[in-house]
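Welcome, and thanks for taking a look at this model with me. Have the sequence and the coordinates open, and let us walk through a few places worth a click.

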Amino acid sequence: MIDSRTLLIIPAFNEEGAIARVVTEVRQTYPELQILVTDDCSEDATVDQALIAGARVLQLPCHLGLGGCVQAGYKLAFEEGYDTVIRIDGDGQHDPKDIGRLLEKLRATGCEMVIGVRAKESGGLQTHPIRKIGIHFFRMLLRPILGRPVTDPTSGFVAVNAKALSVFSSSFPLEYPEIETLVVLQRRKFRFEEVPCRMRKRMAGRSSITAMKSVYYVIHVLLGVFINILRFDGRARKGQG
């Protein structure tokens with residue numbers, strides 16, 4: 001049973017081929033769960049399809065990128081008094097049946113965020129070899145920063161509690177948020193846990209991260225990580241002064 005103060009957000013950009021099936025699948029699995037699709041100025045029928053499927057839709061006035069789109073959902077959830085938010089992608093890769101497991105882990109452990117991670121033992125789609133290399137690289141980078149291992153720092157399947165929601169509603173990475181988010185959490189001494197999940201193929205469309213964008217992605221995320229470290233370490237030193 002999911003309480004009325006839990007909101008599911010689905011960031012979407014040009015997902016007309018999948019969004020209705022994603023929303024319908026969630027509604028069939030958790031009829032009581034409130035669903036918000038945050039549309040990042042799609043150029044197709046994403047908004048119409050989400051509305052037809054029964055979701056509430058927040059249309060952004062301009063294209064903000066994934067991080068801005070997710071933060072818009074967090075902001076609305078915070079302003080409307082929700083205390084738990086779960087996020088899944090709009091392409092259908094995340095199985096709604098796992099939502100309950102993430103929420104259960106969030107409440108049982110008292111941590112601020114739970115990540116649904118693609119795990120071989122859980123079956124389902126395994127990631128592309130190039131992405132595997134990227135995940136491995138960022139796992140190695142983040143290990144000393146976080147002080148603990150992280151299985152899949154690029155996963156967009158997450159649940160957050162009220163404390164994390166309060167932070168993310170006011171400050172959130174704008175483009176590729178998943179990895180920087182972990183650094184933000186660590187710097188605030190928040191905790192995260194992981195739940196192995198079954199990842200599926202996209203229901204439709206293609207990933208927006210092409211080969212060229214992969215290079216930009218790595219550089220952008222690296223800069224974001226180090227800026228967050230310097231920003232929070234600077235604040236800590238000022239606090240001690």
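## Cys41 and its loop

Cys41 sits in the loop that runs between strand E2 (34-39) and helix H2 (46-53). The model is predicted, and in it the phi of Cys41 is near 60°, a positive value in a residue other than glycine. That is worth a glance, because most residues other than glycine have a negative phi. With a relative accessible area of 25%, Cys41 is partly exposed.

What is the distance from the sulfur of Cys41 to the closest cysteine sulfur? The partner to check is Cys62, whose sulfur is 6.1 Å away, too far for a bond. A disulfide would need the two sulfur atoms within 2.5 Å, and by that rule the count comes to 0 disulfides. Another cysteine, Cys111, has a relative accessibility of 0% and so counts as buried.

## A second positive phi

Asn14 is also not a glycine, and its phi is positive at about 55°. Look for Asn14 in the loop between strand E1 (6-12) and helix H1 (19-29). Its relative accessible area is 28%, so Asn14 is partly exposed.

## The chain as a whole

Stepping back, the secondary structure comes to 8 helices and 7 strands. The chain has 241 residues, and 49% of them count as buried. About 11900 Å² of the chain is exposed, with 56% of that area supplied by carbon and sulfur atoms.

How do the contacts spread along the sequence? Taking the contacts in the chain with a separation of 6 or more, 79% of them are between residues 24 or more positions apart.

## Salt bridges across the sequence

How many salt bridges does the count come to? It comes to 12 salt bridges. One of them joins Arg107 to Asp3, with the closest N and O atoms 3.7 Å apart. This pair links distant parts of the chain, since Arg107 belongs to helix H4 (residues 99-109) and Asp3 to the segment before E1, 104 residues apart. Arg107 is partly exposed at a relative accessible area of 41%, and Asp3 is partly exposed as well, at 37%.

Next, try the side chains of Arg202 and Asp91, which meet in a salt bridge at 3.0 Å, N to O. Arg202 is in the loop between strand E7 (192-197) and H8, while Asp91 is in the loop between strand E4 (84-87) and H4, so the pair ties together parts that are 111 residues apart in sequence. Is each partner buried or exposed? Arg202 is partly exposed, with a relative accessible area of 24%, whereas Asp91 is buried at 5%. Salt bridges with shared partners also bring in Glu15, joining Glu15, Asp91 and Arg202 into one network.

## Helix H6: Lys163 and Ser169

Lys163 and Glu112 form a salt bridge through their side chains, 3.3 Å from N to O. Lys163 belongs to helix H6 and Glu112 to the loop between H4 and strand E5 (113-118), so parts that are 51 residues apart in sequence are tied together by this pair. Lys163 is partly exposed, with a relative accessible area of 47%, and Glu112 is buried, with 5%.

Ser169 is found in helix H6 too, which covers residues 162-170. Its relative accessibility is 6%, below the 20% cut-off, so Ser169 counts as buried. Which residues does Ser169 touch, leaving aside those up to four places away in sequence? They are Gln71, Tyr74, Lys75 and Phe78. Within the helix, a polar atom of the Ser169 side chain lies 2.9 Å from the backbone oxygen of Ser166.

## A nonpolar patch on the surface

Finally, turn the model to find Val215, Ile219, Leu223 and Ile227, which form a nonpolar patch on the surface. Together these residues have about 380 Å² of accessible area. To locate the patch, start from Val215, which is in helix H8 (residues 211-240).

Definitions and conventions. Residues are numbered from 1 along each chain as its sequence is written. This is a predicted model: local features need pLDDT of at least 70, side-chain atom pairs count only at pLDDT 80 or more; totals for chains, interfaces and linings use all residues. Side-chain values use heavy atoms; hydrogens and water are left out. Helices (H or I, at least four residues) and strands (E, at least two) are DSSP runs, numbered from the N terminus. Buried means under 20% relative accessible area, exposed over 50%, partly exposed in between (1.4 Å probe, protein chains only). A polar contact is a pair of N or O atoms within 3.5 Å; within protein, one must be able to donate a hydrogen and the other to accept it, and residues adjacent in sequence count only if both atoms are side-chain atoms. Contact means heavy atoms within 4.5 Å. Patches are made of residues with over 30% relative accessible area and no salt bridge: like charges are joined within 9 Å, nonpolar side chains (Val, Leu, Ile, Met, Phe, Trp, Tyr) within 5 Å. Accessible areas come from the Shrake-Rupley method with a 1.4 Å probe; for residues, only the protein chains shown count as cover. A salt bridge is a side-chain nitrogen of Lys or Arg within 4 Å of a carboxyl oxygen of Asp or Glu.
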